[in-house]
Amino acid sequence: MTIKVEREVSFEGSQEGAPEGSPEGSQGVAPENSLEGVQVGVQENSQEGTKQGKKMSRRKMLAALGVMGIAASVNGIKFPQVAEAATTLTPNLKLAKSDPFVLADMNANFDRVDSYLGGASVSPDFYKVGSGVDDTDAVQAAFDSGKPVIFTRDYNVKSVEITGAHKKIDFNGYWLTGISESTDTVSMKDCILKITGFYLRLYNIQIAGGFNTNYKCAVHWYSKVGSPAQNNQVYGMQINRTLVGLHFGSYLDDPAPYDAPQSENFIIGLNCRSVQNCLVLNQPNGFLKIIGGILDCGPFEWPGAPYDAAAAYCFYNKQTELSIVSTELLKTTSTDGFAFKGSNFSLLDCVIEAASTWGVITGDAYIHQVLGGFQGGASQPLFTIESGAVGRLYLEKLRTHRGSGAGSSSTAAIITGLSGAPNYKIRIEKSRFEEWKPNYIAASNRDRVHVEDSRFLFTISSALQTVTVDDQQDQTNLAFNVDTTGESMSTAATINPNTGWIWTPVYGTGANYVKKNTADVPSGFLSCIEMHAIGVGYITSARFLVPSGAEAAFQAWAKYSSGGSQVGVKILWFKANGTAASTVETLMLGAGEISTTQWTLVTKAVTVPVDAVFACFRLTAEVGSLYITGLQLRPAGQLPYSNAFINNINRAFDVAGEGFILKAPDNTRYKISVTNAGALTTVAIT
């Protein structure tokens, strides 16, 4: 815009007062060197051509000229008829002092001011028409202006969209409130704010749902065909009082979600309050990282229905690569449902506080370094694996405990659902479970839950117990000289000593026996030990060396046909002189921990009594058969001494009637033993 200044034109009826230095009361007459009597012609470079001769009042003229115009009107300036070619502008958009005045300076300065204001932020109020409560058109016009947008008050909208590229929008601490009605269009009831642009920089977003149930969600962040909503950065997003908070990608009921590279997106500080479902993600090929915030799906100010505490959750990731860091996940008001669900997500350094099940896992998931973990429901599992799920749940440095008054030890397993997901595995490392017993690691298929160096703390009779579980497979079985799988036993039913196992009846006579069974074994094993009792009976293994006072890990596969409280496996402890140690025996598994229909892997930690040097296994059956294989007792840490191989061999043979087993060319197995006279004998083993 160029302003041309001409002389000798008066401002009719001007009563604004005389400039400093003019005769008092001289009004309506323009002094020679003042702005009085100046006609301003505005030349606009438009398609309509040049417009001239438009009169302006002094007030408008001063507003147009700004500070330098005021100075000109006060002090008086001589305006040359012809503009000078040279300009003398200062760096800060002010005119340099010049005498005579240089017209080109003024014109060039206005050009610079126009350029500066053209890049400045605009408020939606700049586009507001009328005084109605609906600000939809004004906010949308500001978003579409291409200029940086800054909110200057709270705005009420039906639905608005941030599209395009390279936009900077700051809500500036003000709220965008949804006012859509049931009679509005489908588009107006989709959400309060749509984010469909790319390379956006959005600041301090605040969305007020106002308990308006006409919307599908508060914020819908999705891609359009050929225009992925990617490379967007959000610095602060608060969503309040709505059923669904942020929906990333297609809706859950979409049969064919649009596959777009909706990636390189992050939110620093995502906060939800009074939101039933804080975050929902269903974007194939999408990536979202959330750093900091609080995802609280509690009801708070909700007056009641349609909010449903059982259906509330912090997030559900159906298909998006999701990373959540240093964020609180809260579901504290209901034991029903779950706090989060999905796959392909990682939680790092988060606080998880839920009265319900923590997570329903549908695929790969990684949870690391959760030191603030709380679980309030004593009968809820921590994790449920969805039926048919494939993948792995990895828990590392996870701590979960119960707050004051939350109850005693959990009666539910940490992991449930593995029986319906045969291709799913779980790994737990360096974690701590407070008020959770180690025999509740998994409701089934404990063999697919690998635990390393993890502690379980629980209270029994007001005394705190601590057990460390470690499933590492690279340590030596202390029961080196024991037939722990029945592989060397005879398949013939007998109550005679069988590979070092001694039968002892308690009560009941008849078809009692112990034998090798190859017909019913868990995967990976060739045989098991089967012992059968008409009443109650037990078999005892040979003794083996144990490290006094050390932590050890017991493991066994078990199954039984029938029986009661007598069914189980114990470890008996002995001093160096062969007498019973201060702790005579430790029960390692009972009938309540195993099944009559499938094999169960039982893993427990145990502390060797400080005065124990030897130990042996005792297997007890009651009115039926007990099946055992894979018996192990392994040191939980490094042993100061590991016995020599030859010593372990000799200990294995230091049992009456035992010896080497060799196989003949016709595959007949023979046991070579020694008689009381010192003669070697051979006995075929069937």
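Contact here means heavy atoms within 4.5 Å. On that basis, 66% of the contacts in the protein chain between residues at least 6 apart in sequence join residues at least 24 apart. The structure is a predicted model, and the protein chain has 4 helices and 38 strands.

**Chain overview**
- The protein chain comprises 686 residues, of which 48% count as buried.
- About 31800 Å² of the protein chain is exposed, and carbon and sulfur atoms supply 52% of that area.

**Helix α3 and its surroundings**
- Helix α3 spans residues 136–144, and its buried residues are Thr 136, Ala 138, Val 139, Gln 140, Ala 142 and Phe 143.
- These buried residues pack against several strands, namely β3 (149–150), β4 (155–157), β5 (160–162), β6 (168–170), β7 (176–178) and β8 (191–195).
- Gly 146, located just after α3, adopts a positive phi of about 85°.

**Ser 250 and its environment**
- Ser 250 lies in the loop that connects β11 (233–249) with β12 (265–296).
- Ser 250 has a relative accessible area of 10% and is therefore buried, because the cut-off for that class is under 20%.
- Beyond its neighbours within four places in sequence, Ser 250 is in contact with Pro 257, Tyr 258, Asn 282 and Gln 283.
- With Tyr 258, the side chain of Ser 250 also reaches the backbone nitrogen, at 3.5 Å.

Key: Residues are numbered from 1 along each chain as its sequence is written. This is a predicted model: local features need pLDDT of at least 70, side-chain atom pairs count only at pLDDT 80 or more; totals for chains, interfaces and linings use all residues. Side-chain values use heavy atoms; hydrogens and water are left out. Helices (H or I, at least four residues) and strands (E, at least two) are DSSP runs, numbered from the N terminus. Buried means under 20% relative accessible area, exposed over 50%, partly exposed in between (1.4 Å probe, protein chains only). A polar contact is a pair of N or O atoms within 3.5 Å; within protein, one must be able to donate a hydrogen and the other to accept it, and residues adjacent in sequence count only if both atoms are side-chain atoms. Accessible areas come from the Shrake-Rupley method with a 1.4 Å probe; for residues, only the protein chains shown count as cover.
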